Amino acid sequence: MKKSCQLTLLIMLLALVSCSVKRENYLKHVDPNIGTAHSRWFFYTPAAVPYGMAKLAPSTNGHYGNPSGWEAVGYDIRHTSIEGFVHFHEWQVGGISYMPVTGELKVKPGVLEDPNSGYRSSFNRKNEQAEPGYYKVLLDDYGITAELTATKRVGFQRYHFPQHDASRIILDIGNTQGESGAVTDASIRMVDDTHFEGYVFTYPKYVNTYDPQGKVAMFFYGELSKKPLNVTAFTKATLQPNTTAAKGIGAGLVLNYQTKDKEIIEVKTGLSYTSIENAKTNFSTESTGLSFEQAKENAQKTWNTELSKIAVKGNSAADKIKFYTGLYHALLGRGIASDVNGAYPKHGGTIGQLPVQKDQDLKAEFINTDAIWGGFWNITQLWALTYPEWYGSFVNTQLQLYKDRGWFGDGIANSEYISGVGTNFVGLAIAAAYNSGIRNYDVNLAYEAVKANDLNYKGRIIGAGKMDTKAFLMQGYVPHLEGNGRDFATDSTGSYFSGSHTLEYSFSAFATAQMAKALGKQDDYKQLLKYSNGWRALLNPETKLMHPKKADGTFIAKLDPYQPWRGFQEGNALQYTFYVPHNPAGLIQAIGQETFNNRLDSIFTVSEKLAFGGGKTIDAFAGINAIYNHGNQPNLHISWLFNFSGKPWLTQKWTRKIGEEFYGTDAIHGYGYGQDEDQGQLGSWYVMNALGLFDVKGLTDARPIIQLGSPLFDHAIISLGDKKSLTIKTVNNSKENSYVQSVTFNGKPLNNCWLYRDELMRGGHLVFTMGNQPNKNWGTEVPPPSGQ
């Protein structure tokens with residue numbers, strides 16, 4: 001009887017613990033304003049759900065556009081005025097801005113230096129509130145409080161007006177927003193007293209460069225909670241009172257009201273990339289009968305559920321903020337482009353239909369995405385760990401593109417190719433997904449496409465990248481093309497980025513070789529494995545640095561190891577010398593283990609003085625001429641290489657320090673100082689690093705491995721993608737105790753600094769015992785596999 005009572009009490013206590021875990025509010029650890037100085041167009045969109053199409057945010061300078069196609073624009077914490085609230089925020093995609101105002105009629109946004117030159121309002125950050133799924137601000141010049149929230153495909157705006165005879169809502173449709181590029185056509189019309197619809201077509205700079213026959217289309221269908229007194233239409237050249245439709249560049253409507261004090265007017269807007277009809281369908285499916293408060297509650301509940309899949313506990317509030325803000329950005333970065341009925345945007349503004357999918361748990365959406373360049377060291381590893389449905393969506397999107405157009409898209413906006421980087425790592429990411437057990441797609445088609453990405457060059461289009469594939473295959477490395485008016489040139493004979501391309505293609509060939517091996521395709525495996533050794537051609541035996549070569553096999557003259565852009569994309573020879581992630585053992589042997597370790601350790605000692613990036617210089621490319629630059633993709637695996645070189649305690653030391661010093665908790669010092677977060681990549685790296693889990697090879701081995709680092713938190717419970725659970729616990733953990741003394745996995749000693757991923761994914765308990773001095777005997781006997 002006594003045992004029965006004790007058992008009942010234990011069950012009750014466990015239930016209480018379970019309830020307390022479920023009730024925890026993870027949103028309180030997220031600060032969307034971190035890193036918003038010099039942030040990219042897609043970075044700051046608080047009023048959205050994970051991977052939503054509707055991503056609403058205030059804009060401080062979005063109408064300025066983006067001359068080079070990629071710079072920081074949209075919302076900058078250093079600005080003190082707002083020009084509107086925009087619905088679409090993706091890589092090369094932006095549009096549909098609304099602005100509530102009072103007073104004199106103005107139909108063009110004012111500039112930052114002269115706010116009164118158009119509609120624009122100052123605001124005080126004390127009156128601004130940004131949370132996952134919700135945004136609120138007081139527009140001081142108009143006395144209006146604006147609130148934003150969203151479902152996946154519907155944006156909700158709620159305005160609290162003062163008493164005024166000239167209250168207005170400006171629907172600015174036909175003007176440039178962020179990275180959208182030039183508007184080529186736009187239309188908006190009132191369907192009836194409280195509903196409106198329309199579209200905007202844009203021509204982003206990167207579409208112009210990489211897919212010139214393409215265009216980006218955005219459609220909408222909206223509902224007002226109150227009928228306007230009258231409507232004014234405008235375009236770039238016209239202003240027409242008492243008119244309910246506008247068409248052409250600069251098209252928009254002004255909804256004119258008389259309002260009482262604290263009167264609320266709401267606007268719901270269904271969005272689509274395919275048609276007005278599908279925007280209306282998205283609207284009715286996701287928002288019929290849904291109030292603003294309900295939409296907000298649902299959005300924040302969704303965020304809490306997704307964030308709670310990795311539950312960490314520790315004493316540092318700042319570390320939690322970094323962790324959950326990083327996870328938030330990882331879950332926000334990409335955005336769905338398909339409608340509720342499976343329609344998706346195809347090249348040139350046409351419409352496709354996704355195939356019927358039976359597995360609802362892994363139902364794939366068509367998604368917009370920047371290039372996956374470097375994503376295998378952060379976001380794909382996070383997806384594979386806990387969010388496999390989004391990895392599956394990425395793979396299925398790219399396979400749909402392959403079926404539609406014959407090539408993977410290095411980066412895409414509505415099926416338009418927007419390469420940007422030009423080395424197309426999509427095949428590597430898909431091979432890693434397959435090797436990680438994510439297979440909700442046609443595997444035979446996937447392998448065909450992955451192999452083609454590495455080995456096919458005939459008829460290759462510029463937007464698919466890898467335009468120098470023929471040269472790499474013919475010579476085993478990419479020959480160097482000097483500038484002389486051909487800056488950044490890449491063609492069938494070579495590339496200005498010959499060094500980095502050779503290293504990247506070698507890595508990609510390794511990944512495809514491993515997929516071939518897993519599928520029993522031995523001839524392909526042998527061929528691709530040979531190409532994976534292309535890096536050996538560039539390693540200068542005298543300097544032990546990667547050194548670009550000319551077509552005649554000689555090294556280029558006057559190599560400056562610190563010089564970026566010549567031979568190396570967004571980096572330099574010092575940084576790229578460590579870019580052999582698929583064969584660390586081979587690189588270590590070629591350089592010499594002692595030289596390798598001394599050089600790598602000294603690199604971090606020096607770079608620590610610059611916060612492991614570009615110091616306090618506010619720029620996306622700050623640090624590309626430094627000895628190490630955590631603010632850009634080519635460097636993100638380097639601190640983990642000590643696990644392969646016999647000194648895992650240095651991986652533990654430096655990965656901890658990078659997390660402490662590169663990442664911050666304020667608007668200026670967030671991800672470095674104004675460096676490039678690239679759709680959740682740096683945030684994902686912090687998450688994986690803080691868990692002490694990482695794979696230098698990006699999960700590309702036929703049997704992927706996970707290397708172990710220095711877990712940051714006392715306790716972490718991870719919901720694994722296969723619905724199992726992994727608990728990571730640290731004993732004697734503190735800021736000073738960053739060194740691993742010993743590890744057990746499910747009660748058994750783990751003497752290696754790595755384990756096979758399939759073992760980890762079975763779940764259980766991973767326990768680290770920490771100390772303030774290195775244990776140089778732990779994890780050194782058997783290095784992680786690096787077989788060729």
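A salt bridge is a side-chain nitrogen of Lys or Arg within 4 Å of a carboxyl oxygen of Asp or Glu. By this criterion, the structure, which is a predicted model, holds 27 salt bridges. The legends below describe selected close-up views.

**View A. The salt bridge between Glu179 and Arg40.** The side chains of Glu179 and Arg40 meet with a distance of 3.4 Å from N to O. Glu179 is located in the loop between strand E10 (164-172) and strand E11 (182-190), whereas Arg40 is located in the loop between helix H1 (2-23) and strand E1 (57-59); the pair therefore ties together parts that are 139 residues apart in sequence. Both Glu179 and Arg40 are buried. The two residues also belong to a network of salt bridges that links Arg40, Glu179, Asp370, Asp676 and Asp678.

**View B. The salt bridge between Glu416 and Arg405.** In this pair, the closest N and O atoms of Glu416 and Arg405 are 4.0 Å apart. Glu416 belongs to strand E25 (residues 416-417) and Arg405 to helix H7 (residues 388-405), with their positions 11 residues apart in sequence. Glu416 counts as buried because its relative accessibility is 0%, and buried means under 20%. Arg405, at 22% relative accessibility, counts as partly exposed.

**View C. The salt bridge between Glu608 and Lys657.** The side chains of Glu608 and Lys657 form a salt bridge of 3.6 Å, N to O. Glu608 lies in the loop between helix H15 (593-607) and helix H16 (648-661), and Lys657 lies in helix H16, so this salt bridge ties together parts that are 49 residues apart in sequence. Glu608 counts as partly exposed because its relative accessibility is 24%. Lys657 likewise counts as partly exposed, at 24% relative accessibility.

**View D. The largest nonpolar core and the surroundings of Leu691.** The largest nonpolar core comprises 220 residues, of which Leu307, Phe323, Leu691, Leu693 and Leu766 touch the most other members. Helix H11 (residues 498-518) supplies the largest share of this core, with 9 residues. When neighbours within four places in sequence are left aside, Leu691 is in contact with Ile310, Val312, Phe323, Leu385, Pro711, Ala716, Ile718 and Ile728. A second core of 13 residues is separate, and its members include Tyr221, Ala279, Phe292 and Ala295.

**View E. Helix H11 and the residue that follows.** Helix H11 has 21 residues, and its first and last C-alpha atoms are 30 Å apart, close to the 30 Å expected at 1.5 Å a residue. The helix is mostly covered, with 19 of its 21 residues buried. Just after H11, Gly520 adopts a positive phi of about 75°.

**View F. The pairing of strand E11 with strands E12 and E16.** Strand E11 pairs with strand E12 (residues 195-203) in the antiparallel sense over 8 bridges. Within this pairing, Asp185 has Phe201 of E12 as its bridge partner. The connection from E11 to E12 is a hairpin of 4 residues. E11 also pairs with strand E16 (residues 245-247), again in the antiparallel sense, over 3 bridges. Here Ala245 of E16 is the bridge partner of Arg189.

Note on methods. Residues are numbered from 1 along each chain as its sequence is written. This is a predicted model: local features need pLDDT of at least 70, side-chain atom pairs count only at pLDDT 80 or more; totals for chains, interfaces and linings use all residues. Side-chain values use heavy atoms; hydrogens and water are left out. A nonpolar core is a set of buried Ala, Val, Leu, Ile, Met, Phe, Trp, Tyr and Cys residues joined through side-chain atoms within 4.5 Å. Buried means under 20% relative accessible area, exposed over 50%, partly exposed in between (1.4 Å probe, protein chains only). Helices (H or I, at least four residues) and strands (E, at least two) are DSSP runs, numbered from the N terminus. Contact means heavy atoms within 4.5 Å. Two strands pair if DSSP finds at least two bridges between them. The expected span of a helix is 1.5 Å times one less than its number of residues.
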